[in-house]
Amino acid sequence: METYPDEYKLTDEDIEKTERRITDFDLSREQIILSVIPQKLELLVQSVLNDFMITLINDVSKLYNILMSVPDLTEDIKRPILYALDYFVDKDDEIPDEIPDLGYLDDMVIVRYVMDQIMQDNSELFQA
């Protein structure tokens, strides 16, 4: 598991807000989100990449592949994954994606937070 400096991690307040948003996330958005992920990844791959963007691409790909390859995921696992992927595809999130060099930093932090939470009890999902 990779570790990041504290400035790349959620504050306690942000964790509470993120957990509330995950709990309230509408699972009916799954197909819409899954249909947009490949295009968004392709767009990102074609840009000038920095280290955290490469991490983001790898992490989003892992979460996407879990959803696509494990059809019987529980809602407790599916909901945070879909939330993180939805956050990634939203270009107007906390730091808009158009901001050079920083636009995807918040996406990476949210996606990494979700991956870390899922890996705590479900590391087998990331074996491959």
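This is a guided tour of a predicted model, stop by stop, with a selection to make at each one.

**Stop 1: helix H2**

Select residues 30-45, which form helix H2. The helix has 16 residues, and at 1.5 Å a residue they should span 22 Å. The C-alpha atoms at its two ends are 23 Å apart, which agrees with that expectation.

Where does H2 bend? Go to isoleucine 37, where the helix bends by about 30°. A proline, proline 38, follows within four residues.

Now colour the buried residues of H2: Glu30, Ile33, Leu34, Ile37, Lys40, Leu41 and Leu44. Isoleucine 37, the site of the bend, is one of these buried residues. Show H3 and H4 as well, since what covers the buried residues of H2 includes both of those helices.

**Stop 2: two residues of H2 that are not buried**

Stay on H2 and pick glutamine 31, which is found in this helix. Glutamine 31 has a relative accessible area of 57% and is therefore exposed, the cut-off being over 50%. Draw a distance from its C-alpha to that of threonine 18: the two residues are 13 apart in sequence and 22 Å apart in space.

Next pick glutamate 42, also in helix H2. Its relative accessibility is 43%, so glutamate 42 counts as partly exposed. From glutamate 42, draw a line to isoleucine 57, which is 15 residues away along the chain; their C-alpha atoms are separated by 9.4 Å.

**Stop 3: leucine 56 in helix H3**

Select residues 51-69 for helix H3, then pick out leucine 56 within it. Is leucine 56 buried or exposed? Its relative accessibility is 0%, so leucine 56 counts as buried.

To see what leucine 56 touches, show Leu44, Phe88, Tyr104, Asp107, Met108 and Val111; residues up to four places away in sequence are not counted here. Leu44 in this list is also among the buried residues of H2. Another distance to draw runs from leucine 56 to leucine 41, 15 residues apart in sequence and 9.4 Å apart from C-alpha to C-alpha.

**Stop 4: the loop between H4 and H5**

Move to aspartate 101, placed in the loop between H4 and H5. This residue has a positive phi of about 70° although it is not a glycine. Aspartate 101 counts as exposed because its relative accessibility is 59%.

**Stop 5: helix H5**

Select residues 105-122, helix H5. Its 18 residues should span 26 Å at 1.5 Å a residue, and the end C-alpha atoms are 25 Å apart, which agrees. How much of H5 is buried? Of its 18 residues, 15 are buried, so H5 is largely enclosed by the rest of the structure.

**Stop 6: the largest pocket**

Show Leu10, Asp14, Glu94, Asp106 and Val109, the lining residues that lie nearest the centre of the largest pocket. The full lining has 16 residues, and the space in the pocket is about 240 Å³. Which elements give two or more residues to the lining? They are helix H1 (12-23), helix H4 (75-89) and helix H5 (105-122). By class, the lining holds eight nonpolar, one polar and seven charged residues.

**Stop 7: glutamate 13 in helix H1**

End at glutamate 13, whose place is in helix H1. Glutamate 13 has a relative accessibility of 64% and so counts as exposed. As a last distance, join its C-alpha to that of isoleucine 66: the two are 53 residues apart in sequence and 28 Å apart in space.

Terms used:
Residues numbered from 1 in each chain as written. Predicted model: local features only at pLDDT ≥ 70, side-chain atom pairs only at ≥ 80, totals over all residues. Heavy atoms only, no water. 1 Å grid on protein atoms, 1.4 Å probe; cavity = no way out; pocket = protein on both sides within 12 Å on 5 of 7 lines; lining within 4 Å. Points joined across faces, edges and corners; volume = space filled by probe spheres on them. Nonpolar A, V, L, I, M, F, W, Y, C, P; charged D, E, K, R; others polar. Buried < 20%, exposed > 50% of the residue type's maximum accessible area, 1.4 Å probe, protein only. Contact = heavy atoms within 4.5 Å. Expected span 1.5 Å × (residues − 1). Bend = angle between axes of the 7 residues up to and from the residue.
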